[in-house]
Structures are given as structure tokens and as C-alpha cells.
Amino acid sequence: MQLIKLNATDSTNAYLKTLLGSKGLDDFTVVVAEEQLNGRGQMGTVWESQKGKNLTFSVLKKFQSFCIADKFLLNCCASLAIYRVLEQQRVPDLSIKWPNDILSGNSKICGILIENIVVGDKIQMCVIGIGLNVNQSDFGQLQQASSLKLILGKVFDLNEILQLTLKALKIVFTDLEQGESSTIIKAYEQLLFRKDKPSTFEDRNNDKQFMGFIRGVSVGGKLSIELEDNIVREYDLKELRLLY
């Protein structure tokens, strides 16, 4: 495994993808930056992080043969790996907010952005970008953001958390490559934020709110929500926002 450490970069995902274009890289090549100047999240959001306080890194994962139809499994793997590391640190009330934010209570402590390199109908490799709030204490106007330090009241060794996360990622991706897809999906579903609880959602298509129960995810990664009269409907990320 090659570990590339940077003082600063616009985006570790972008840096790693640029390296791919210039030279061959080994599986599980990692780019980690003390400061990410233009970090990105899901749906074009910005990931803000204070220099030297948190983990902002990207991991390259290569595949022999991985169907693009199964791409949501990559989100499940990354989410489960981080969840398990934080569970080891005894972070309380952990859950995965669909599709791949990690929460403690109602507070977001980790975000993931996965970008795939596709050839035909196969994912040749993916770049897994992870932003984990570790030692940051002030998040300004971001009221729903928190960190390991704020939650547990102590300072963490960034390199130790990084190594634990990389180890966890390798374990879960090994499970995936050994055919444990259904087990991974089931484990992910059990950890979903507000699963089986009455929740309020906003339909992004018409800005209307509605009530429902999160029941799980489809094979393609859509969120399965039970509505009135026991009707179950599936939504993708562009269609839905969870309001709690």
C-alpha cells in the first residue's frame, strides 16, 4: 500500500484521479491531506475541515470484475468500515444516514464521496473520499456537525485512526470480493438512521413533505420507504431529503 501525504490540496479525490492518469497505482493507494481546500460531498455540497484537525483522505480500490449495477455496495462497504472503527472508539448512538453519512445521534461526523472509473458495464476502480471529523472543536454555522473530540472529550491520534480505517476497509472489501454481498447489505440496512421510525421527508420534485418509515435499501441503492396503506416506494438521492 502506497501512502501519499500532502500539506494541502483542492481535493484528495481529484489529486488521486490525476495521479491515475499519469502513472499506474497499486490497489489501496492512499492520498491524505492536512488541509483540503475544495473538498466535496454528495450532491455538490462542500466539505469544510480545519487544517490538521481532521482526516481528509482518498483510497483507490481496484477490481477484477465488478458490475456497475452493484455500485451501491461500494457505499455500503465504506460506510460499514468507518462505522466499525468509530464503534471501536466507543462513539455513542452511531448510525448511517443514507446513503453514506455517519452520525452520532443527530450529528454528522463523517462524509463519504465515491467516484467510479467505468469501462463498459464494469467498474474498473473507484476512488473513495472520506472526511472524518476528529479533533475539530468549532464548526461555525454547521449546527449538525460534530467530531470525535467533541463527543468523547479527548484528542485523537490522526494517523492511528487512519490506519484503523484502512484496515477496516480492507476487511470489508475482502468480504465483498469473497461473495458476501447480501451480508454486507443486511448489515448496512440494520444501521440505517431512523430505520423503522416515523420520519418526515421532503420530495425534491415538488417540495412537499410526507411521513414514512425507512425499511431498507434496494439492490440499486434506493431508499425503501413505507408510506400510508402499507405502500412501499423506492427513492433515489435526487428525489428525497430526510428532514428527521
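Let's start at Ser146, which sits in the loop between S7 and helix H3 (148-152). Helices here are DSSP runs of H or I with at least four residues, strands are runs of E with at least two, and both are numbered from the N terminus. Before we go on, please keep in mind that this is a predicted model, where local features need pLDDT of at least 70, side-chain atom pairs count only at pLDDT 80 or more, and totals for chains, interfaces and linings use all residues. Residues are numbered from 1 along each chain as its sequence is written, and side-chain values use heavy atoms, with hydrogens and water left out.

Is Ser146 buried or exposed? Ser146 counts as buried because its relative accessibility is 8%; buried means under 20% relative accessible area, exposed means over 50%, and partly exposed is in between, with a 1.4 Å probe and protein chains only. What does Ser146 touch, once we leave aside its neighbours within four places in sequence? Its contacts (heavy atoms within 4.5 Å) are Ser107, Lys108, Ile109, Asn133, Phe139 and Ile151. Have a look at Asn106 too: Ser146 and Asn106 are 40 residues apart along the chain, with 9.4 Å between their C-alpha atoms.

Asn133 takes us to another loop residue, Asn54, since Asn133 is among the residues that Asn54 touches. Asn54 lies between strand S2 (30-36) and strand S3 (55-62). Asn54 is buried too, because its relative accessibility is 4%. Not counting residues up to four places away in sequence, Asn54 touches Ser49, Leu132, Asn133, Val134, Asn135, Gln136 and Leu158. Its side chain makes a polar contact with the side chain of Gln136 at 2.6 Å. A polar contact is a pair of N or O atoms within 3.5 Å; within protein, one must be able to donate a hydrogen and the other to accept it, and residues adjacent in sequence count only if both atoms are side-chain atoms. A polar atom of the Asn54 side chain also lies 2.9 Å from the backbone nitrogen of Val134.

Now for the sheet around these loops. S2, S3 and S7 belong to an open sheet of 7 strands, in the order S1-S2-S3-S7-S6-S5-S4, with mixed pairing. Two strands pair if DSSP finds at least two bridges between them. Which strands stand at the edges? Strand S1 (3-9) and strand S4 (94-97) do, each with a single partner strand, so one side of each has no neighbour in the sheet. On average, neighbouring strands of this sheet are turned by 20° against each other, direction ignored. For one pairing up close, take S5 (residues 101-104) and S6 (residues 107-119), which are antiparallel over 3 bridges. There, Leu103 has Lys108 in S6 as its bridge partner.

Helix H1 (residues 12-22) packs on this sheet, touching S1, S2, S3, S6 and strand S7 (122-132), and its direction makes about 35° with that of S3. Axes are lines fitted to C-alpha atoms, for helices over the stretch in contact, and angles run from 0 to 180 degrees between N-to-C directions. Helix H4 (residues 158-177) lies across S1, S2, S3 and S7, at about 25° to S3.

Which residues of H1 are buried? They are Thr12, Asn13, Leu16 and Leu19. These four cover an arc of only 125° around the axis, which puts them on the same side of H1; the arc is that of the directions from the helix axis to the C-beta atoms. The general background is that an α-helix has 3.6 residues a turn, so residues three or four places apart point the same way. The buried residues of H1 pack against S1, S2, S3, S6 and S7, while the face turned away carries the exposed residues Thr18, Gly21 and Ser22.

A quick word on cysteines: the structure holds 0 disulfides, a disulfide being a pair of cysteine sulfur atoms within 2.5 Å. Why is there no bond for Cys76? The closest cysteine sulfur, in Cys77, is 6.9 Å from that of Cys76, too far for a bond. For Cys126, the closest cysteine sulfur is also in Cys77, and at 9.0 Å it is too far for a bond. Cys76 is buried, with a relative accessible area of 0%, and Cys126 is buried at 0% relative accessibility.

Last stop, another sheet. This one is open and has 5 strands, in the order S11-S10-S9-S8-S12, with antiparallel pairing. Its edge strands are S11 (232-235) and S12 (240-242), each pairing on one side only. In the hairpin of S10 and S11, with 5 residues between the strands, Asp229 takes a positive phi near 60°.
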